[in-house]
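Q: I'd like to learn how to read a helix and its surroundings in a model. Can we walk through one together?

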Amino acid sequence: MTTPPALLIAGHGTRDEAGAEAFRDFVRELGRRHPELPVAGGFIELSPPPLGDAVAELVERGVRRFAAVPLMLVSAGHAKGDIPAALSREKERHPGISYTYGRPLGPHPALLRVLERRLAEAVDPSWDPAEVTVLLVGRGSTDPDANAEVFKAARLLWEGRGYAAVETAFVSLAEPDVPGGLERCARLGARRIVVLPYFLFTGILPDRVRHQTEEWAAAHPETQVRSADVVGPEPELLDLVWERYEEAVKGDLRMNCDSCVYRIALPGFEDKVGLPQQPHFHPDDDGDHHHGHHHGHGHAHSHAH
């Protein structure tokens, strides 16, 4: 029987010791859940252990093949550049090892369910969701694709859940910032706002989100503002990392099927799961659609495995 590849978890790193320890605990829990394979984890920067030490630990345990999963919600500079560069360096340091690289975690329906739970914990039970505006706050990046992924998560969170709106802000490097995002919510008429940090674990940046939220709320007593908690080491997160590991091992790195209504039961769209897809044309497309010709505008979606 072939030995399965080991699992390497790659984290951002944080100057917050509680956040770093939460990551290390999470890696240990993954190891307990999967005793059949070696599991190790390390950081790109700021906190120990560095990713290189985690690879060395695996090699010392006799590992020759592993799958690396970035414990990150969006694919920004770390996931796109830093981790691949670090893994390439480790391959030079340890001749004979091979690895596959998984994809970031979000926006996955399992994570959206945890975010929904965090919102439910934060709001007053008497509040009607239709009167609640959510401000989802991401880390922020100089990478527009990464920032766009946070907007995508916000839209998916809004779909089918009945909130008045889900707006988006960032705690660093991108606009709108937290006060700007709260101001936008207020200008849109929000009287009840829940600020939801789009972060996996506690740390300096989620603390900053909460602090900036409290400052803004104190200056705007006419608006009811609550802060929700980070995702945390929930069972859904442990399951999702394992899903990303299996994808990487099998080479099944799909595009956006996590949020595809034909694969996943999303709130309000449950009836679309598994529907066969027929080529069709859009009446608004440019071109001559007389006589019902499709002119190659059909979308032949395949949702079969």
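A: Sure, and keep in mind that this is a predicted model. Start with a length check: at 1.5 Å a residue, the 16 residues of α8 should span 22 Å, and the end C-alpha atoms lie 23 Å apart, so the two agree.

Q: What follows α8?

A: That would be G251, which has a positive phi, near 75°.

Q: How do I think about which way the residues of a helix point?

A: An α-helix has 3.6 residues a turn, so residues three or four places apart point the same way. Here the buried residues of α8 include L237, L238, V241, W242, Y245 and A248.

Q: Which elements do the buried residues of α8 pack against?

A: They pack against three strands, β1 (6–11), β3 (65–70) and β4 (98–101), plus two helices, α1 (17–33) and α4 (109–122).

Q: Then how do I read the nonpolar core?

A: Look for the residues with many partners. The largest core has 51 residues, and I9, L71, L105 and L136 touch the most other members. Helix α8 (residues 235–250) gives this core its largest share, seven residues. There's also a second, separate core of 18 residues, with L135, V137, A217 and V225 among them.

Q: What does I9 touch, leaving out residues up to four places away in sequence?

A: Its contacts include F23, V27, L30, L51, V69, L71 and, from the helix we began with, V241.

Q: And a loop residue, say S172: where does it lie?

A: S172 is in the loop between β6 (165–170) and α6 (178–187). Its side chain reaches the backbone oxygen of R139 at 2.9 Å. Beyond its neighbours within four places in sequence, S172 contacts R139, G140 and S141.

Notes: Residues numbered from 1 in each chain as written. Predicted model: local features only at pLDDT ≥ 70, side-chain atom pairs only at ≥ 80, totals over all residues. Heavy atoms only, no water. Helix = DSSP H or I, 4+ residues; strand = E, 2+ residues; numbered from the N terminus. Polar contact = N/O pair within 3.5 Å; in protein donor to acceptor, adjacent residues only side chain to side chain. Contact = heavy atoms within 4.5 Å. Core = buried A, V, L, I, M, F, W, Y, C linked by side-chain atoms within 4.5 Å. Buried < 20%, exposed > 50% of the residue type's maximum accessible area, 1.4 Å probe, protein only. Expected span 1.5 Å × (residues − 1).
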